[in-house]
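Q: I'm new to this one, so could we go through it slowly? Please start with any term I'll need.

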Amino acid sequence: MINTYQTSLAAPPVPPRLNRSIPVLMPGPLPSRGHSKSLIRFLVGVVLLHLLLSVGGFIYLYHTSKKEKPASAEGKAALLLSEKQETSYKALARMIVKHTAQDPTSGYLQWDTKHSVLRNINYYRNSWLTILEPGDYFVFSRVTFSKGNSKLPLASMVKLRKNEAGDEKTVMRAYCSLESYNRSASNPQLCTATQGEVITLEKGNQLSVWVQDLSLVDYNEEATAFGMYKV
């Protein structure tokens with residue numbers, strides 16, 4: 001017969017194994033006061049150096065920008081001059097109408113080339129303007145009529161052809177009307193057909209103004225004109 005005994009005492013601790021290492025913490029030496037002062041001096045030196053570099057860079061940029069101001073002013077003047085020169089060389093024409101004794105028939109208006117303004121645009125047979133530089137042109141026409149016609153409308157048309165031998169086509173058209181077909185010195189009747197359009201033109205293209213009755217046109221140079229300029 002086996003007797004069992006119970007006890008309240010805890011079991012003895014298990015001794016550590018010989019092949020297992022146990023870490024041991026060793027207190028390290030505290031930094032000396034001299035080392036701390038050296039570190040503080042180093043940090044202060046870095047901050048001062050950064051501050052000096054920032055101030056020096058600001059002074060350099062200030063003086064550089066101050067020296068460049070006269071150059072920029074000269075550059076602006078040169079740019080304005082080049083723009084003015086470019087504008088002065090742009091193609092344009094402002095034609096003064098020329099009065100010729102003709103029968104009352106349809107035809108092209110003729111222009112006084114001696115008193116007209118032509119720049120980089122040629123004229124052909126006193127009626128046509130020839131394009132020398134391709135591009136977009138603003139074309140304008142103003143024709144004033146001093147008489148009316150009971151059978152025909154008062155109309156002006158800008159004609160375009162590819163070259164001297166090309167077919168003509170109407171690219172602009174304008175009308176006006178008079179209240180009375182009879183004109184007297186005390187009560188003259190006038191109307192003006194005005195038109196303007198941006199047209200893309202090629203080198204060699206020609207334009208002119210055509211009316212249905214040349215005898216009805218007012219040939220005052222302020223009343224009837226034709227021209228264009230390159231945009």
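A: Let us begin with a word that will come back later: a residue is called buried when its relative accessible area is under 20%, exposed when it is over 50%, and partly exposed in between. Please also keep in mind that this is a predicted model.

Q: Okay, and how much of the protein is buried?
A: Of the 231 residues in the protein, 27% are buried.

Q: What helices and strands are there, and in what order?
A: The protein has 1 helix and 12 strands, and along the sequence they follow the pattern α-β-β-β-β-β-β-β-β-β-β-β-β.

Q: How many salt bridges turn up in the whole structure?
A: The search of the whole structure gives 2 salt bridges. As general background, side chains of opposite charge can pair when their charged atoms come close.

Q: Which residue does K230 pair with?
A: K230 forms a salt bridge with E133, and their closest N and O atoms are 3.6 Å apart. K230 lies in strand β12 (residues 225-230), whereas E133 sits in the loop between β6 (128-131) and β7 (135-145), so the pair ties together parts that are 97 residues apart in sequence.

Q: Is either end of that pair buried or exposed?
A: Both fall in between: K230 is partly exposed at 22% relative accessibility, and E133 is partly exposed as well, with a relative accessible area of 25%.

Q: And what about R161, which residue does it bridge to?
A: R161 forms a salt bridge with E168, where the closest N and O atoms are 4.0 Å apart. R161 has a relative accessible area of 9% and therefore counts as buried, while E168, at 41%, is partly exposed.

Q: Switching topic, where is there a nonpolar patch on the surface?
A: A nonpolar surface patch of about 680 Å² is made by I40, V44, L48, L51, V55, F58 and I59. I59 belongs to helix α1, which covers residues 33-88, and I59 is partly exposed, with a relative accessible area of 42%.

Q: Last thing, how many cavities are there?
A: The structure holds 2 cavities of 30 Å³ or more, and the second largest has a volume of about 30 Å³.

Q: What lines that second largest one?
A: The second largest cavity is lined by F145, N149, L152, P153, L154, Q212, D213 and L216. By type, the residues of this lining divide into 5 nonpolar, 2 polar and 1 charged.

Key:
Residues numbered from 1 in each chain as written. Predicted model: local features only at pLDDT ≥ 70, side-chain atom pairs only at ≥ 80, totals over all residues. Heavy atoms only, no water. 1 Å grid on protein atoms, 1.4 Å probe; cavity = no way out; pocket = protein on both sides within 12 Å on 5 of 7 lines; lining within 4 Å. Points joined across faces, edges and corners; volume = space filled by probe spheres on them. Nonpolar A, V, L, I, M, F, W, Y, C, P; charged D, E, K, R; others polar. Patch = residues over 30% accessible without salt bridge, like charges linked within 9 Å, V, L, I, M, F, W, Y side chains within 5 Å. Areas by Shrake-Rupley, 256 points an atom, 1.4 Å probe, with all protein chains shown as cover. Salt bridge = Lys/Arg side-chain N within 4 Å of Asp/Glu carboxyl O. Helix = DSSP H or I, 4+ residues; strand = E, 2+ residues; numbered from the N terminus. Buried < 20%, exposed > 50% of the residue type's maximum accessible area, 1.4 Å probe, protein only.
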